[in-house]
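Biologist: I would like to learn how to read side-chain and strand features in a model. Can we go through them one by one?

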Amino acid sequence: MSAQPASQSSNKLYQFKLVLLGESAVGKSSLVLRFVKDQFDDYRESTIGAAFLTQTVSLDESTTVKFEIWDTAGQERYKSLAPMYYRNANCAIVVYDITQPASLDKAKSWIKELKRQADPNIVIALAGNKSDLVSRRAISTEDARSYANEGGLLFFETSAKTAHNVHELFTAIAKKLPLEQIAASRNRNSLSQRQGIDLAQAGNTNGCAC
C-alpha cells in the first residue's frame, strides 16, 4: 500500500531492503541493471556472492521509496550465503526463466525458504523473466500466475532485454510495502551488510543472464 499523502512542502523518503533470488542465469542481474541504469548486456558475468545497488521509485509527488537491492548469486555453491542477504529483507523478487521449467521449481523452493525463515511480513514477488523469448516458452503464464495467487505473491512476466514490466514490478512492490509501519525498523539496518560487487564490474561472457 502507498503512504498517506504528505504535506506539499514535505517529501517523504522510505528505504527498504530488497533481495533477488533464483537459479543462475535466469536474469536477476539483468533485471536489476535494467531497473537501476536502464541498460542491458546480452552476456554478463555470473554474480559472485552478491551485488549491491540502489534505486528509487516515486509513488507520488511527496512519497519516494528507495530500494537497497541485494542481487544474490544463483550458483548452488553460494546458496548457504543467501540467508545473510534475505535476513531482515522487507521484500524479495524470486526470478525464474520462462524457457526453463526447472528454474520455476527452484523459484518455488526459494519462496518456501523465504516463508519459513525470512521476516513474516516480507513482500514477495515472483518474476518470470525472458518474456521476449516467446517461441521458447516452456512455462505458461496461467500456471505461474495461479501458483503466485495461491501463495499471496505479486506476479509479473518481465523482459530485462526489452524492459517489459521491469519498472512495473518494482513499483508494485513499493506500493505493497506498509511504508509507515516498517520504515523505522528498516532505517536502523540501512547501513548493514555492505559487501558485494557492483554490477557494472561484470563484463565477461562466462554466463548469459539475459
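The dialogue below takes up an arginine, a strand and some ring pairs.

Modeller: One caution before we begin. This is a predicted model.

Biologist: Understood. Where is R34 found?

Modeller: R34 belongs to helix α1, residues 28–37.

Biologist: Is R34 buried or exposed?

Modeller: Buried means under 20% relative accessible area. R34 has 14% relative accessibility, so it counts as buried.

Biologist: Which backbone oxygens does the side chain of R34 reach?

Modeller: There are two to look at here. The side chain of R34 reaches the backbone oxygen of A160 at 2.8 Å. For the backbone oxygen of K161, the distance from the R34 side chain is 2.7 Å.

Biologist: And which residues does R34 touch, leaving out those up to four places away in sequence?

Modeller: With that exclusion, R34 touches Q39, F40, A160, K161, T162, A163 and V166. A160 and K161 are thus on the contact list, and their backbone oxygens are the ones just described.

Biologist: Now a strand. Why is β3 described as largely enclosed?

Modeller: Count its buried residues. Strand β3 spans residues 63–72, and nine of its 10 residues are buried, so the rest of the structure largely encloses it.

Biologist: How many bridges join β1 to β3?

Modeller: Nine bridges do, and the two strands run parallel. Strand β1 covers residues 12–22. For one position, look at L13, which stands opposite T64 in β3.

Biologist: On to the rings. How is a pair of aromatic rings described?

Modeller: Two values serve: the distance of the centres and the angle of the planes. This structure holds five aromatic pairs. One of them joins F35 and F170, with 3.8 Å centre to centre and 0° between the planes; it is stacked. That pair links distant parts of the chain, with F35 in helix α1 and F170 in helix α5 (residues 166–176), 135 residues apart. F35 and F170 are both buried.

Biologist: Why is the pair of F52 and W70 called tilted?

Modeller: The planes of F52 and W70 are at 50°, so the pair is tilted; the ring centres lie 4.8 Å apart. F52 lies in strand β2 (residues 50–60) and W70 in strand β3, so the pair ties together parts 18 residues apart in sequence. F52 and W70 are both buried.

Biologist: Which residues do ring pairs link into a cluster?

Modeller: F35, F67 and F170.

Biologist: What sits over the ring of Y147?

Modeller: The charged end of K108 does, 4.8 Å from the ring centre.

Terms used. Residues numbered from 1 in each chain as written. Predicted model: local features only at pLDDT ≥ 70, side-chain atom pairs only at ≥ 80, totals over all residues. Heavy atoms only, no water. Helix = DSSP H or I, 4+ residues; strand = E, 2+ residues; numbered from the N terminus. Buried < 20%, exposed > 50% of the residue type's maximum accessible area, 1.4 Å probe, protein only. Polar contact = N/O pair within 3.5 Å; in protein donor to acceptor, adjacent residues only side chain to side chain. Contact = heavy atoms within 4.5 Å. Pairing = 2+ DSSP bridges. Phe/Tyr/Trp six-rings, centres within 6.5 Å; stacked < 30°, edge-to-face > 60°. Lys NZ or Arg CZ within 6 Å of the ring centre and 35° of its normal.
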